[in-house]
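Please read the following briefing alongside the chain, topic by topic.

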Amino acid sequence: MSDRLAGIDLSSLKERLSSLVVPAGQQLAGHAINIGQLTVEFVASLLVMLYLLFFFLRDGDELNIRIRDALPLRASHTAEILNAFTVAVRGTIKGIILVALIQGGLGGLIFWLLGLTAPLLAGALMALLSLLPVLGSALIWVPVGLYLLVAGAVTKGIILLAFGTFVIGLADNFLRPVLVGQSIRMPSYIVLLATLGGLATFGANGFVIGPLVAAMFLTVWQIFVGSKEPHDARN
């Protein structure tokens with residue numbers, strides 16, 4: 001029988017292989033589409049940010065004056081809120097950039113220690129991709145680690161995947177709250193909770209919006225408490 005070879009039912013084997021390969025291919029295609037969408041959204045957001053940044057830099061002083069005049073607050077309170085906003089934005093962006101540089105440096109270091117090619121290029125790409133939400137630098141070290149496993153360099157592949165998971169990947173979770181918290185003078189646990197809440201509510205933009213909202217809330221809270229203290233003292 002043409003469908004049998006050495007006692008093996010080839011038709012049944014083909015059906016089993018098809019049942020395994022087709023779902024796996026569908027999942028990979030779905031992940032590829034998601035990665036493509038995230039990349040397109042990131043590039044589009046970056047272009048919009050650069051476009052708006054030009055006008056903010058050109059007309060920043062005038063916008064600042066208009067915002068100050070529009071806020072129905074005392075001049076001291078307005079200055080305090082706007083100062084907190086500026087510090088929060090600068091601190092959050094600086095924290096994101098520092099974490100990206102650290103992740104890129106760690107990635108380049110492990111590539112160099114394992115004797116892989118182009119460690120500087122790999123580190124630079126990981127630093128750049130670390131700005132992407134969720135996946136980030138994993139777009140570099142995960143495929144390389146899997147390739148090493150398939151190519152027979154099992155030890156190097158396991159070391160790279162383990163280092164990427166427990167050092168490069170977790171560096172973002174531990175360092176970002178600390179760096180951002182120091183910059184905006186906020187406890188790191190509040191920055192962590194604000195970042196997670198921002199991600200859950202605003203998606204990728206929550207990396208910036210979450211700590212920013214938390215900083216603004218704490219500033220308004222301090223103004224509110226400070227304005228009540230003289231009134232309570234008089235009573």
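Confidence in the protein chain, given as pLDDT (the predictor's confidence in each residue, from 0 to 100), is highest in α3, at 90, and lowest in strand β1 (residues 4-5), at a mean of 47. Helices (H or I, at least four residues) and strands (E, at least two) are DSSP runs, numbered from the N terminus. This is a predicted model, in which local features need pLDDT of at least 70 and side-chain atom pairs count only at pLDDT 80 or more, whereas totals for chains, interfaces and linings use all residues. Residues are numbered from 1 along each chain as its sequence is written, and side-chain values use heavy atoms, with hydrogens and water left out.

**Confidence**
- The protein chain averages a pLDDT of 78, and 81% of the residues score at least 70.
- Over residues 1-7 pLDDT stays under 50, and for these residues the model has eight contacts (heavy atoms within 4.5 Å) beyond four places in sequence.
- Where pLDDT is low, the predicted coordinates should not be read in detail.

**Nonpolar cores**
- The largest nonpolar core (buried Ala, Val, Leu, Ile, Met, Phe, Trp, Tyr and Cys residues joined through side-chain atoms within 4.5 Å, where buried means under 20% relative accessible area with a 1.4 Å probe, protein chains only) has 15 residues, and those with the most contacts inside it are F111, L116, M126, W141 and L160.
- At least two residues of this core come from each of α2, α3, α4 (138-151) and α5 (154-184), and α4 gives the most, with four residues.
- Leaving aside residues up to four places away in sequence, M126 touches G104, G107, G108, F111, S137, I140, W141 and I168.
- A second, separate core of eight residues includes V180, L212, A214 and A215.

**Largest pocket**
- The largest pocket (on a 1 Å grid over the protein atoms alone, an open set of points where a 1.4 Å probe fits, with protein on both sides within 12 Å along at least five of seven lines) holds about 1900 Å³ of space.
- Its lining, meaning residues with an atom within 4 Å of a point, comprises 40 residues, of which M49, L53, V89, I93 and V208 lie nearest the centre of the pocket.
- Two or more lining residues come from each of α1 (10-70), α2, α3 and α7 (206-234), and α1 supplies the largest share, 17 residues.

**Backbone at A118**
- A118 is placed in the loop between α2 (75-113) and α3 (119-129), and its phi is near 50°, a positive value in a residue other than glycine.

Methods: Buried means under 20% relative accessible area, exposed over 50%, partly exposed in between (1.4 Å probe, protein chains only). Grid points are joined across faces, edges and corners, and a volume is the space filled by probe spheres set on the points.
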